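Please open the structure in your viewer and keep the selection tool at hand. The tour proceeds by selections, each followed by an account of what is found there.

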Amino acid sequence: MAHLRGEEKSAYVRSMFQRIAPRYDLLNTVISGGMHHRWRRRAAALAIERKPRGDGRDQTRALDVATGTGDFVLALLKRGAPHVVGVDFVPSMLGLADAKARRRRRRDRVTLVAGDALRLPFADAAFQWVTSGFNMRNVADLPLALAEMARVASPGGRVVILEIVPMTEGGVLPRIFRWYFRTVTPLLGQLLAGDREAYAYLPASVARFPDVEKLATMMEAAGLSDVRHQRVGFGSAAILWGDKPG
Ligand SMILES: C[S@@+](CC[C@H](N)C(=O)[O-])C[C@H]1O[C@@H](n2cnc3c(N)ncnc32)[C@H](O)[C@@H]1O
């Protein structure tokens, strides 16, 4: 799977998430020791702190790209976004997001859309806040995915990314994390989701992913300004945010 690119990579990722969708939330919680919720809450707060300048309806909308089971959508609503659109290219993930939003009685403030992060089905400048959690590693064309997020953000809006990042530093902690990801994560995938391959893909995709500094540079190249980042999870994940000029 390491060599996959373009449409082949997209097809691989789509079928993998289709397979693991029913167990996705459970595995997230077990693998991150429950920390993933805290990270999304932090990322949502960093998005929403960027207030809209106008009072147009569209300017108070948020978009969560590759929304999966919708946790980022709910975090954005909780932080004060009036309405959130979630987009994903796996229908069963959207089904789970729909059920979760209903259970939390938030369905009326959520729109779920089938679509590709590389061709977002939205007009330019349609959203004040654009987020994406744990998916930049999976896209077949990272610069294009970032450019799409920047395109649909309104001038003065904010783009926020939450991602697991490579721990390239020496030292005991990064070594423990690398071992955990390479050895324990696939085992948990096998035991809890019956899918070792999907959870062996996770550490492999992290290892190939750019480090935080490079990712920040790529966000700037995509048209975002003032890109900053914060590491979370003892450095194993990072939140990056940048603003759409204008
Ligand atoms: C690791 S999950 C992340 C889900 C969610 N964002 C979260 O915070 O838990 C990745 C999600 O991205 C979706 N995805 C991957 N590539 C995509 C693409 N090119 N377009 C739309 N969705 C995509 C998958 O279907 C999956 O639901």
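The model is a predicted one. Begin by selecting residues 225-232, which form strand β6, together with residues 237-243, which form strand β7. These two strands pair in the antiparallel sense, and six bridges join them. In general, the strands of a sheet pair through backbone hydrogen bonds, either parallel or antiparallel.

Next, select individual partners within the pair. Arg-228 stands opposite Trp-241 in β7. Val-232 has Ala-237 of β7 as its bridge partner. Now move to the turn: β6 and β7 form a hairpin, with four residues between the two strands. Select Gly-233 in this turn, where phi is positive, at about 60°.

**The whole sheet**

Extend the selection to every strand of the sheet. In what order do the seven strands of this open sheet stand? The order is β3-β2-β1-β4-β5-β7-β6, and the pairing is mixed. Select β3 (110-114) and β6, which stand at the edges. Each of them has a single partner strand, so one side of each is left without a neighbour in the sheet. From one strand to the next, the twist averages 15°.

**A helix across the hairpin**

Add residues 212-221, which make up helix α9. This helix lies across β6 and β7, and it runs at about 20° to β7.

Keep α9 selected and add helix α6, residues 142-152. The two helices pack at an angle of about 55°, with their axes 9 Å apart. α6 and α9 are therefore oblique to each other, and their crossing is right-handed. Which residues of α6 and α9 make the contact? Select Leu-142, Pro-143 and Leu-146 of α6, then Met-218, Met-219 and Ala-221 of α9. By class, the residues of this contact are six nonpolar, no polar and no charged.

**Helices α3 and α4**

Clear the selection and choose helix α3, residues 35-48, along with α4. Their axes come within 9 Å and cross at roughly 50°. The helices α3 and α4 are therefore oblique to each other, and this crossing is right-handed. On the α3 side of the contact, select His-37, Arg-40, Arg-41, Ala-44, Ala-45, Ala-47 and Ile-48. They meet Asp-71, Phe-72, Ala-75, Leu-76 and Arg-79 in α4. The residues of this contact divide into seven nonpolar, one polar and four charged.

**Helices α2 and α7**

Turn next to helix α2 (residues 24-31) and helix α7 (residues 172-193). They pack at an angle of about 145°, and their axes are 11 Å apart. Here, too, the crossing is right-handed. Select Leu-26, Leu-27, Val-30 and Ile-31 in α2, which meet Thr-185, Leu-188, Gly-189, Leu-192 and Ala-193 in α7. The contact of α2 with α7 comprises seven nonpolar, two polar and no charged residues.

**Around the ligand**

Finally, select the ligand and the residues around it. How many residues surround the ligand? There are 20, and the closest are Ala-66, Gly-68, Val-90, Ala-117 and Gly-133. Select α1 (6-20) and α4 (71-79), each of which supplies at least two residues of the shell. Of the two, α1 deserves a second look, as the element that gives the most to the shell, with three residues. Coloured by class, the shell shows eleven nonpolar, six polar and three charged residues.

Terms used
Residues numbered from 1 in each chain as written. Predicted model: local features only at pLDDT ≥ 70, side-chain atom pairs only at ≥ 80, totals over all residues. Pairing = 2+ DSSP bridges. Axes fitted to C-alpha atoms, helices over the stretch in contact; angles between N-to-C directions. Contact = placed C-beta atoms within 7 Å. Near = placed C-beta within 6 Å. Nonpolar A, V, L, I, M, F, W, Y, C, P; charged D, E, K, R; others polar. Left-handed = near helix turned anticlockwise from the far one by under 90°. Parallel < 35°, antiparallel > 145°, perpendicular 65-115°, else oblique.
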